[in-house]
Amino acid sequence: MSASTAPARRAITPPKRPLPSWRLPVGLAAVVAITVWAGISIEFTLTPLITDIGRGEPVVRGFLDPNWLFIFRVWDAWLETIAIAIIASLVGNAIALVLAFLASPVTNPITPFQKTMKAVMAVVRSLPDVAYGLIFVAAVGVGSLAGILALIMFNIGVCAKLTAETIDAVDPGPIEAADASGASLARRARFAVLPQALPGYLSYSLYVFELNLRASVVLGFVGAGGIGSTIRVELSRFSYENLSAIIIALFVIVFALDAFSRWLRKKLI
Amino acid sequence: MSTITPPRAPGRSFTPPPAPSKLRETIGMLAVTLVFALAVVLADANWPRLLEAPAVLGEFVVLMTQGVLQNPLEAPTNEYWTRSLELMIESLHIAWIGTLIGAILSFPLGFLAARNVAPPGVVVVVRQILNAIRAIPEIIFAIAIMLPIFGLGPLAGALAIGVNSVGTLGKLTSEAIESIDTGPVESARASGASRWQVIRYAMVPQVMPEVVAYWLYRFEINIRASAILGVLGAGGIGSILSALFNIRAWDRIGVTLAVIIIVTLIIDAISGSIRHRIIHGAAPRGVRRRRALTPEPPPV
Amino acid sequence: MIEFRSVTVTYPDGTVGLDDITLDIPAGQFVVVVGLSGAGKSTLIRSVNGLVPVTNGELVVDGSAVHGAKGRALRRLRARVGMIFQSFNLVKRSSVLTNVLVGRLHATGFLRSMLGWFRASDKQLAFEALDRVGILEKAYNRASALSGGQQQRVAIARVLAQQPSVILADEPVASLDPPTAHMVMRDLQRINRELGITTIVNLHFLDLAREFGDRIIGMRDGKVVFDGSGVQADDAVFERIYGRSLTNEDVLGADDVEAAPVSLTSDPDAAAR
Ligand SMILES: Nc1ncnc2c1ncn2[C@@H]1O[C@H](COP(=O)(O)OP(=O)(O)OP(=O)(O)O)[C@@H](O)[C@H]1O
Ligand SMILES: [Mg+2]
């Protein structure tokens, strides 16, 4: 009953298989080549995972026995970290909003100025947060002020880019309506663009705040205050029990903040 | 709620409906201001130094610019440029290997975290693991797990970045899988394909472009992350950066930052155009293409 | 060939999709199922290959029980039942050939299929299937680069490559313009005649149903309310099935390519424009 019992058909010649596009093989070859080069350069090997896993033992033992009290002993460092993150996100995101409006052709018709702003944003974004940390520690000394300033730069980089892209993609209808009613540029931005870009902007802002908590750990390493400084000290003392406690606490805080910002996002948007 | 306005006679003056209450916004603004003020106090920052900062920073910029503007072919500036470039390339290598590890590990995990592939129990567990990884900064992976076993160096950095990338990449991959067109899945299943065959022929081809775009995006982020780990001693541009700041060699710092900026901008541009090509297809040639703008994933 | 014995399908939310259906469809028949939206046409078709599980009664297809079949047994059964969908359900980014080879997956081992190394004989089957629906030269194009009518032919070719004994088609022409719809229906009919594959097609349009159905099954509220030949199914019968008088929307309209001598290898969309 199956189709193979069908009457014999004329022989067919399948079409010639077209030459595959050169892009895929060339791309794959490039990926392999870069991987080999990079692998050799950083002396990639997984053997320590087998041979030296024992060296991780004291670390693991320390981590399994967290010194819970330590979390509270450094409570001021926690407060400092959170304060740094709050200030840096509020200030950074506010500046980012202005920059985003200046960097989008939708809201800034002066092309050379707009292009310059876009380039400035790309440059700001290209430097990693530690670079800013080092610069500001040098400029204003060790402490949380350097951390705040560094995170502000970092936040501008992230938030301004995402917001500018949202502005680029807003629905042109309301803008045309505003133009048709003779609105000035500033009004058009305020009443036709901002309402459309706001949901995106708010969620990027909350997102940046979450990033800040993690980033401030890094910045503490270069002397920019907060819990990162504590982590560095404990690490140099090899007190993995204390480190473990801090990391677990950090984990809980990030999770709680994640939940909080999800809640806030739902409220706001 | 209970007031019903009687129909208005034409020409009579009318009262506009009461504006919606601004109370919520006012309270929100007040709360934000309060939290901000509290943070300013609690941050324990040396605020007066903020006033000196512009002058000091201006001085730094001048010194750095002088370094950048020196003839790059003469000693010792040529040395600065080549050394920075070498280290930046090492950073790229760290980021590349890290991204590759992240991509390889996150791909299967993404499927296990997708509701339309894995059973609910597995999905919940894998998602929590991915969330946990996302919550931990890579620097902690590096110091806590990789350094003791692999020692101080680029390899530890690459592994830390790799493990850390798994969190975001796995999440984004699973979201891409969950949003595929279910039609091809159903037709493959209807023709007697096994579970693996359905994944291979109906799901993977649909998600691959998006997933590769995520990998590239993560590579851009990992370049910055590798600089961070360098400060710890995990190789790459970060290691020289902190050393230079210790000795305040501003001209050399200027050169190093310039290398970071230039290389990062170039890589971002290349990666961005590849991503665009993968998602939106080749340049227009009258062929139907996907119109919708694919939003960038969040830069986790 | 296909035997429904008091088959009832109840969806998890309690909706009764099929209500105590008893039907016997002999081998080689071309059956058209009609009925209003929600009558249970899709449920009837999808129960045949187990996409919708039978909750009560017995359903035997080509000698194998569908009710209660699971895992490998169900897959083996599905391999013998090809299915065509309204929305084509092709992987748009994959080539036409790969889409057709999906129909060979049931006969391809794990390793071979993961690596994409199909047997030459399977590829030959795929080419023959494409040739039969007249789009052999499109084999290496991306599915997304094809017109709707061509995509539905790829779907038919995928089913043919499966070498099924039954073909199910759930509103296969609902997304196509009238001339293309006629051509796709003629493809299905020709395949039914030449290869003797039992075919069940859901249709919305009365004229198509009359033109192509050896047998017409009318459904309403999950029950069979009419079962007879295309000749018996006059307007009064359809009004009874639909429970209302007929409107223009119940017919597809003039088959304007009917008059012209049509070769199946010609591009249906060119003819449509
Ligand atoms: N997955 C499902 N879950 C619950 N109820 C369903 C499901 N699919 C279909 N139904 C219900 O079963 C009944 C029959 O649906 P079916 O899809 O078979 O109708 P149909 O005749 O194919 O309609 P149409 O012409 O619109 O495709 C309807 O009442 C429908 O709401
Ligand atoms: Mg239906």
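Visitor: Which of the 13 residues around ligand 1 come nearest?

Guide: Welcome! Keep in mind that this is a predicted model. C:Ser37, C:Gly38, C:Lys41, C:Ser42 and C:Thr43 come nearest to ligand 1, out of 13 residues around it.

Visitor: What kinds of residues make up the shell around ligand 1?

Guide: Sorting a shell by residue type is a handy start. Here the shell around ligand 1 holds seven polar residues, three nonpolar ones and three charged ones.

Visitor: Which atoms of C:Gly38 and C:Lys41 lie 2.7 Å and 2.8 Å from an oxygen atom of ligand 1?

Guide: For such contacts, look at pairs of N or O atoms within 3.5 Å. In C:Gly38 a backbone N or O atom lies 2.7 Å from an oxygen atom of the ligand. C:Lys41 uses its side chain, where an N or O atom is 2.8 Å from an oxygen atom of ligand 1. There is also C:Tyr11, with an N or O atom of its side chain 3.4 Å from a nitrogen atom of ligand 1. As for cover, ligand 1 has 630 Å² of accessible area on its own, and the protein covers 63% of that.

Visitor: What does the UniProt record say about chain C?

Guide: An unreviewed UniProt entry annotates residues 2-246 of chain C as "domain: ABC transporter". In the model, that stretch is 36% helix and 24% strand, with its end C-alpha atoms 31 Å apart.

Visitor: And chain A: how many helices and strands does it have?

Guide: Chain A has twelve helices and zero strands. An unreviewed UniProt entry gives "transmembrane region" for several stretches of chain A, including 130-154 and 243-264. Try reading the distance between the ends of each stretch alongside its helix content. Residues 243-264 of chain A are 100% helix, and their end C-alpha atoms are 31 Å apart. Residues 130-154 of chain A are 88% helix, and there the end C-alpha atoms are 9 Å apart.

Visitor: What is the radius of gyration of chain A, and what would a compact globule of 269 residues have?

Guide: Chain A has 27 Å, while a compact globule of 269 residues would have a value near 18 Å. Along its principal axes, the C-alpha trace of chain A spans about 85 × 70 × 45 Å. Buried residues account for 50% of chain A.

Visitor: Is A:Ile248 buried, partly exposed or exposed?

Guide: A:Ile248 counts as partly exposed because its relative accessibility is 32%, and the partly exposed class runs between 20% and 50%. This residue sits in helix α12 of chain A, residues 240-268. Sequence distance and spatial distance are worth reading together: A:Ile248 and A:Ile71 are 177 residues apart along the chain, yet their C-alpha atoms are separated by 9.2 Å.

Visitor: Which backbone angles deserve a second look?

Guide: Here is the general idea: most residues other than glycine have a negative phi, and most peptide bonds are trans. Now the cases in this model. B:Asp44 has a positive phi of about 60° and lies in the loop between α1 and α2 of chain B. C:Glu171 also has a positive phi, near 50°, and its place is the loop between β7 and α7 of chain C. For the peptide bonds, look at B:Ala75 and B:Pro76, which are joined by a cis bond with omega about -5°. B:Pro76 is in the loop between α2 and α3 of chain B.

Visitor: Are B:Asp44 and C:Glu171 buried or exposed?

Guide: B:Asp44 counts as exposed because its relative accessibility is 58%. C:Glu171 is buried, with a relative accessible area of 12%.

Conventions
Residues numbered from 1 in each chain as written. Chains lettered and ligands numbered in written order. Predicted model: local features only at pLDDT ≥ 70, side-chain atom pairs only at ≥ 80, totals over all residues. Heavy atoms only, no water. Near = heavy atom within 4 Å. Polar contact = N/O pair within 3.5 Å; in protein donor to acceptor, adjacent residues only side chain to side chain. Areas by Shrake-Rupley, 256 points an atom, 1.4 Å probe, with all protein chains shown as cover. Nonpolar A, V, L, I, M, F, W, Y, C, P; charged D, E, K, R; others polar. UniProt positions renumbered as here; feature names shortened; annotations may be inferred. Helix = DSSP H or I, 4+ residues; strand = E, 2+ residues; numbered from the N terminus. Rg over C-alpha atoms; globule rule 2.2 N^0.38 Å. Buried < 20%, exposed > 50% of the residue type's maximum accessible area, 1.4 Å probe, protein only.
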